[in-house]
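Me: Please take a close look at one strand of this predicted model, and then follow its surroundings outwards.

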Amino acid sequence: MPERARPPDPQIRTLAQLKAATMACRECPIGEIATQSVIGEGLLKPRLMLVGEQPGDQEDLQGHPFIGPAGKLLARALEAAQIPREQTFVSNAVKHFKFELRGKRRIHKSPTQREIAACHHWLEDEIALVRPAGLVALGASAARSLLGRAVPVLANRGQWLPRPDGLEVLVTLHPSALLRGDPEQREPAFEAFVADLRQAQRLFGR
Ligand code: URA
């Protein structure tokens with residue numbers, strides 16, 4: 001968990017207030033180009049809060065996290081791991097969609113370390129509101145934001161890593177990595193992803 005760029009904002013006592021504050025955020029350049037901010041959704045005080053990288057094209061347009069192709073794959077994996085999505089809270093390390101235009105298509109661009117760091121205080125405000133028992137980092141950007149350092153995902157996948165505040169973070173791949181991977185390896189890669197999620201289920205129950 002990195003040093004907070006800013007202390008917790010006492011004005012942010014609800015998710016609606018977090019949404020409004022992130023909508024207005026221009027602490028990095030992404031806020032200017034995105035349609036809107038996308039904060040997390042789900043159960044408060046869940047056993048698990050899952051954190052991805054940033055909203056994608058669909059999420060940016062509709063304002064909900066993980067509803068596009070990566071979200072559908074995540075939903076399928078959660079179901080296979082017997083973790084009801086509605087009993088979790090699903091969010092992202094970065095609250096705005098970063099993209100570049102290719103013709104009319106908006107192509108996802110990974111956030112820089114600076115952009116992840118700029119958004120970090122919003123993620124910590126969100127964690128403080130949601131109060132999960134454990135965290136799942138979906139990919140390297142989420143792991144970096146939640147743990148405050150670069151975490152090699154493949155070397156740490158399926159493992160719980162502690163934060164100074166006592167919360168533990170289960171590290172796994174981002175579902176987009178599975179979508180981009182070798183089609184021949186898609187099924188075993190999906191099974192390995194489900195096995196990581198089962199670790200979360202085992203430790204934190206239903
Ligand atoms: N990828 C993410 O990391 N988050 C989303 O909400 C959608 C795609």
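Reply: Strands β2 and β3 (residues 89-92) are paired in the parallel sense, with 4 bridges between them. Within this pairing, methionine 49 stands opposite phenylalanine 89 of β3. Strand β2 also runs parallel to strand β6 (residues 134-138), to which 4 bridges join it. In β6, the residue opposite methionine 49 is leucine 135. Methionine 49 of β2 thus has a partner in β3 and another in β6.

The side chains of β2 point in two directions: Leu48, Leu50 and Gly52 one way, Met49 and Val51 the other, and all of them are buried. Because 5 of the 5 residues of β2 (residues 48-52) are buried, the strand is largely enclosed by the rest of the structure. Buried here stands for a relative accessible area under 20%.

The sheet that holds β2 is open and mixed in its pairing, with 6 strands in the order β1-β3-β2-β6-β8-β7. Its edges are β1 (41-42) and β7 (160-162), each of which pairs on one side only. In general, strands of a sheet pair through backbone hydrogen bonds, either parallel or antiparallel. The antiparallel sense is found between β7 and strand β8 (residues 168-172), which share 3 bridges. There, tryptophan 160 has leucine 170 of β8 as its bridge partner.

A further antiparallel pairing, over 4 bridges, links strand β4 (residues 99-102) with β5. Phenylalanine 99 is matched with histidine 108 of β5 as its bridge partner. The hairpin of β4 and β5 has 2 residues between the strands, and glycine 103 takes a positive phi near 65° in it. Phenylalanine 99 also has arginine 106 over its face, at 4.8 Å from the ring centre. A second contact of this kind involves arginine 76, whose charged end sits over the ring of phenylalanine 190, 4.3 Å from its centre. As for contacts between rings, the whole structure holds 1 aromatic pair.

Histidine 108, the partner of phenylalanine 99, leads on to the largest pocket, where Ala70, His108, His174, Ser176 and Arg180 are the residues nearest the centre out of a lining of 32. Two or more lining residues come from each of α3 (57-62), α4 (69-80), β5 (105-108), α6 (140-147), α7 (153-156) and α8 (175-180). The space in this pocket is about 700 Å³. Its lining divides into 14 nonpolar, 12 polar and 6 charged residues.

Alanine 70 of that lining can be set against alanine 16, which stands 54 residues from it along the chain, with 25 Å between the two C-alpha atoms. Alanine 16 belongs to helix α1 (residues 15-23). Its relative accessibility is 58%, so alanine 16 counts as exposed, the cut-off being over 50%.

Enclosed space is a separate matter. The structure has 1 cavity of 30 Å³ or more, and the volume of the largest cavity is about 90 Å³. Its lining consists of 13 residues, with Cys25, Cys28, His96, Cys119 and Trp122 nearest the centre. The elements that supply two or more of these residues are α2 (30-33) and α5 (113-130). Helix α5 gives the most, with 4 residues. By class, the cavity lining has 7 nonpolar, 3 polar and 3 charged residues.

Technical notes. Residues are numbered from 1 along each chain as its sequence is written. This is a predicted model: local features need pLDDT of at least 70, side-chain atom pairs count only at pLDDT 80 or more; totals for chains, interfaces and linings use all residues. Side-chain values use heavy atoms; hydrogens and water are left out. Buried means under 20% relative accessible area, exposed over 50%, partly exposed in between (1.4 Å probe, protein chains only). On a 1 Å grid over the protein atoms alone, a cavity is a set of points where a 1.4 Å probe fits but cannot get out, and a pocket is an open set with protein on both sides within 12 Å along at least five of seven lines; lining residues have an atom within 4 Å of a point. Grid points are joined across faces, edges and corners, and a volume is the space filled by probe spheres set on the points. Ala, Val, Leu, Ile, Met, Phe, Trp, Tyr, Cys and Pro count as nonpolar, Asp, Glu, Lys and Arg as charged, and the others, Gly among them, as polar. Two strands pair if DSSP finds at least two bridges between them. Rings of Phe, Tyr and Trp (its six-membered ring) pair if their centres lie within 6.5 Å; planes under 30 degrees apart count as stacked, over 60 as edge-to-face and the rest as tilted. A charge sits over a ring if NZ of Lys or CZ of Arg is within 6 Å of the ring centre and within 35 degrees of the ring normal.
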